[in-house]
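Hello,

Here is the structure I promised to pass on to you. Have a look at it first, and then read on for what I found in it.

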Amino acid sequence: MLGSATTDEDAVVDGDMAGNNPLCGRVGEIAVALRRLSDSLDEGDELPELLRRLVDNVVKIVPDAGSAGVTVVRDGRLETEVCSNPLVYELDHAQFLAGAGLCLDAARSGRVVRADRAETRRRWPEFAERAEQFGTASSLAAPLRIDEETAGSFNLYSEHDHGFDSLDETLVEVFTTAVETALRQARRGARARAEIAQLGRALRSRPTIDRAVGIVMAARGLTAEEAFAVLVRQSQHENVKLRDIAARLVARPVPTGRPPRPGP
């Protein structure tokens, strides 16, 4: 767990910190944002909502951030999972078309990438031209590592030439850790739901398979194990699920005095 629910005392402490020291104030905002994320994880919020809260919080905390988003690279393509502003979709797409940009660099290198206007023009001229058309001058991206197959980045964009500093880098790395936690938890939940659904289908189809086994046993004079093996071979031969083979057999009209035979 990342923390506990926000309390009135937390708010007072954070307010005092912000009033005495701007840096402490930002740290306090980060702590509150992460506590809220923890609450969302505990409450089982859906992944898009978790990510949206994250990017919205980062835009509020980083002074010059105009927009933020989470980008994932799948099969060589950039996919924007969530963003604070539709502009992020355009910026991600521009990087995909150019085949280069800070999102791709962060995802591929596994390192934080920060670039002002001059650096963006130098390193990714094609993307820089498109980004400036959308009023974006500087950017910051931190890598995401969900598993061996999925990589991406947590990205911030600014209209200012020098929109981000080293403190912003640290901040984004902290939030990136939270994003990775949310994505991994969501993936585990999705796998668990898929397994439960598969088990449910198996349980629902079991009576039909048992009936089909009985039909094969009667038709061919086989044991239950032998009859089940016949159905499995038929399933593999036709590349059709076993439950569908069984349902098809059970649904066949039965000639008087003779059970149907499976397969051709």
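Let me start with helix 4, whose buried residues are Leu87, Val88, Leu91, Asp92, Ala94 and Gln95. Viewed down the axis of helix 4, these buried residues fall within an arc of 155°, so they line one face of the helix. Please keep in mind throughout that this is a predicted model.

Helix 4 runs over residues 87-98, which makes 12 residues. From its first C-alpha to its last it reaches 17 Å, close to the 16 Å expected at 1.5 Å a residue. What lies over its buried residues? The cover includes strand 1 (67-74), strand 2 (77-83), helix 5 (102-109), helix 7 (125-133) and strand 5 (151-158). Just after helix 4 comes glycine 99, with a positive phi of about 70°.

A little further along you will meet another glycine. Glycine 101 sits in the loop between helix 4 and helix 5. Is glycine 101 buried or exposed? Its relative accessible area is 0%, so glycine 101 counts as buried, the cut-off being under 20%. The residues it touches, leaving aside those up to four places away in sequence, are Gln95, Trp124 and Phe127. Glycine 101 and alanine 128 are 27 residues apart in sequence, while their C-alpha atoms are 8.4 Å apart in space.

Now for the sheet. It is an open sheet of five strands in the order 2-1-5-4-3, with antiparallel pairing. Which strands stand at the edges? They are strand 2 and strand 3 (113-115); each has a single partner strand, so one side of each is left without a neighbour in the sheet. From one strand to the next, the twist averages 20°. Strand 4 and strand 5 pair in the antiparallel sense over eight bridges. You can also find alanine 141 opposite asparagine 155, which belongs to strand 5.

Two of the helices mentioned above pack on this sheet. Helix 4 touches strand 1, strand 2 and strand 5, and its direction makes about 165° with that of strand 2. Helix 5 touches strand 1, strand 2, strand 3, strand 4 and strand 5, and its direction makes about 30° with that of strand 4.

Next, the nonpolar cores. The largest has 20 residues, and Val62, Phe154, Leu156 and Phe175 are those with the most contacts inside it. Two or more residues come from each of helix 3 (47-61), strand 1, strand 4 (138-145), strand 5 and helix 8 (166-220). Helix 3 contributes the most to this core, with five residues. A second core, separate from that one, has 15 residues, among them Val88, Ala115, Trp124 and Phe127. Val88 is also one of the buried residues of helix 4, and Trp124 and Phe127 are touched by glycine 101.

Towards the end of the chain, look at helix 10 (residues 242-251), where Ile245, Ala246, Leu249 and Val250 are buried. Seen down the axis of helix 10, they fall within an arc of 130°, so they line one face of the helix.

Finally, the overall picture. The protein has 10 helices and five strands. Of its 264 residues, 40% are buried. Among contacts with a separation of 6 or more, 59% are between residues 24 or more positions apart.

Enjoy exploring it!

Best wishes

Notes
Residues are numbered from 1 along each chain as its sequence is written. This is a predicted model: local features need pLDDT of at least 70, side-chain atom pairs count only at pLDDT 80 or more; totals for chains, interfaces and linings use all residues. Side-chain values use heavy atoms; hydrogens and water are left out. Helices (H or I, at least four residues) and strands (E, at least two) are DSSP runs, numbered from the N terminus. The expected span of a helix is 1.5 Å times one less than its number of residues. Buried means under 20% relative accessible area, exposed over 50%, partly exposed in between (1.4 Å probe, protein chains only). The arc is that of the directions from the helix axis to the C-beta atoms. Contact means heavy atoms within 4.5 Å. A nonpolar core is a set of buried Ala, Val, Leu, Ile, Met, Phe, Trp, Tyr and Cys residues joined through side-chain atoms within 4.5 Å. Two strands pair if DSSP finds at least two bridges between them. Axes are lines fitted to C-alpha atoms, for helices over the stretch in contact, and angles run from 0 to 180 degrees between N-to-C directions.
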